[in-house]
Amino acid sequence: KEGDDEDLRDPSIRSKIRARIFFSYTSNQISCGQREVIRFLVQHNLVDAIVTTAGGIEEDIMKCFEPTFMGDFNLKGKELRKRGINRI
């Protein structure tokens with residue numbers, strides 16, 4: 001991409017760089033749709049370390065109750081709530 005330093009694309013050069021990138025996120029980032037972004041960063045070695053938390057324990061508790069459904073982010077929250085359906 002424009003502006004990238006061509007010399008730094010070589011993995012052997014990148015391995016000699018002392019700066020490290022730590023990527024930190026809370027567990028709700030996975031359920032809110034960021035899973036593919038995180039996967040891309042890791043798959044392409046764009047981060048050196050990952051730090052995550054179990055910060056979304058309320059999501060884990062809600063998933064224990066049945067029934068659960070895979071929804072669509074475009075659904076109106078107000079209408080779902082009227083029908084007794086909660087989002088995580």
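## Close-up views of a predicted model

**View 1. Q29 and the residues around it.** Leaving aside anything up to four places away in sequence, Q29 touches Q34, R35 and I38. This is a predicted model, so read the contacts here as computed from it. Q29 itself sits in helix 2, which covers residues 28-43. Buried or exposed, where does Q29 fall? With a relative accessible area of 27%, Q29 is partly exposed, because that class takes in what lies between the 20% limit for buried and the 50% limit for exposed. If you also bring T52 into the frame, the C-alpha to C-alpha distance from Q29 is 9.8 Å, for a pair 23 residues apart in sequence.

**View 2. The E36 and R39 salt bridge.** Stay on helix 2 for this one, since both E36 and R39 lie in it. Their side chains meet in a salt bridge, at 2.8 Å from N to O. How far apart are the two along the helix? Three residues, or about one turn. As for accessibility, E36 has a relative accessible area of 46% and is partly exposed, while R39 comes in at 38% and also counts as partly exposed.

**View 3. The E79 and K82 salt bridge.** The structure holds two salt bridges, and here the side chains of E79 and K82 form one of them, at 3.6 Å from N to O. Which helix carries this pair? Helix 4, residues 77-82, holds both E79 and K82, with three residues, about one turn of the helix, between one position and the other. E79 is partly exposed, at a relative accessible area of 43%. K82, on the other hand, is exposed: its relative accessible area is 60%, and the class starts over 50%.

**View 4. The second largest pocket.** How much space lies in this pocket? About 240 Å³. Take the lining in sequence order and you meet P11, R14, S15, I17, A19, R20 and I21, followed by N45, L46, V47 and D48. By residue class, the lining splits into six nonpolar, two polar and three charged residues. R14, R20 and D48 are among the lining residues, and they belong to the charged class because Arg and Asp both count as charged. S15 and N45 line the pocket too.

Conventions:
Residues are numbered from 1 along each chain as its sequence is written. This is a predicted model: local features need pLDDT of at least 70, side-chain atom pairs count only at pLDDT 80 or more; totals for chains, interfaces and linings use all residues. Side-chain values use heavy atoms; hydrogens and water are left out. On a 1 Å grid over the protein atoms alone, a cavity is a set of points where a 1.4 Å probe fits but cannot get out, and a pocket is an open set with protein on both sides within 12 Å along at least five of seven lines; lining residues have an atom within 4 Å of a point. Grid points are joined across faces, edges and corners, and a volume is the space filled by probe spheres set on the points. Helices (H or I, at least four residues) and strands (E, at least two) are DSSP runs, numbered from the N terminus. Buried means under 20% relative accessible area, exposed over 50%, partly exposed in between (1.4 Å probe, protein chains only). Contact means heavy atoms within 4.5 Å. A salt bridge is a side-chain nitrogen of Lys or Arg within 4 Å of a carboxyl oxygen of Asp or Glu.
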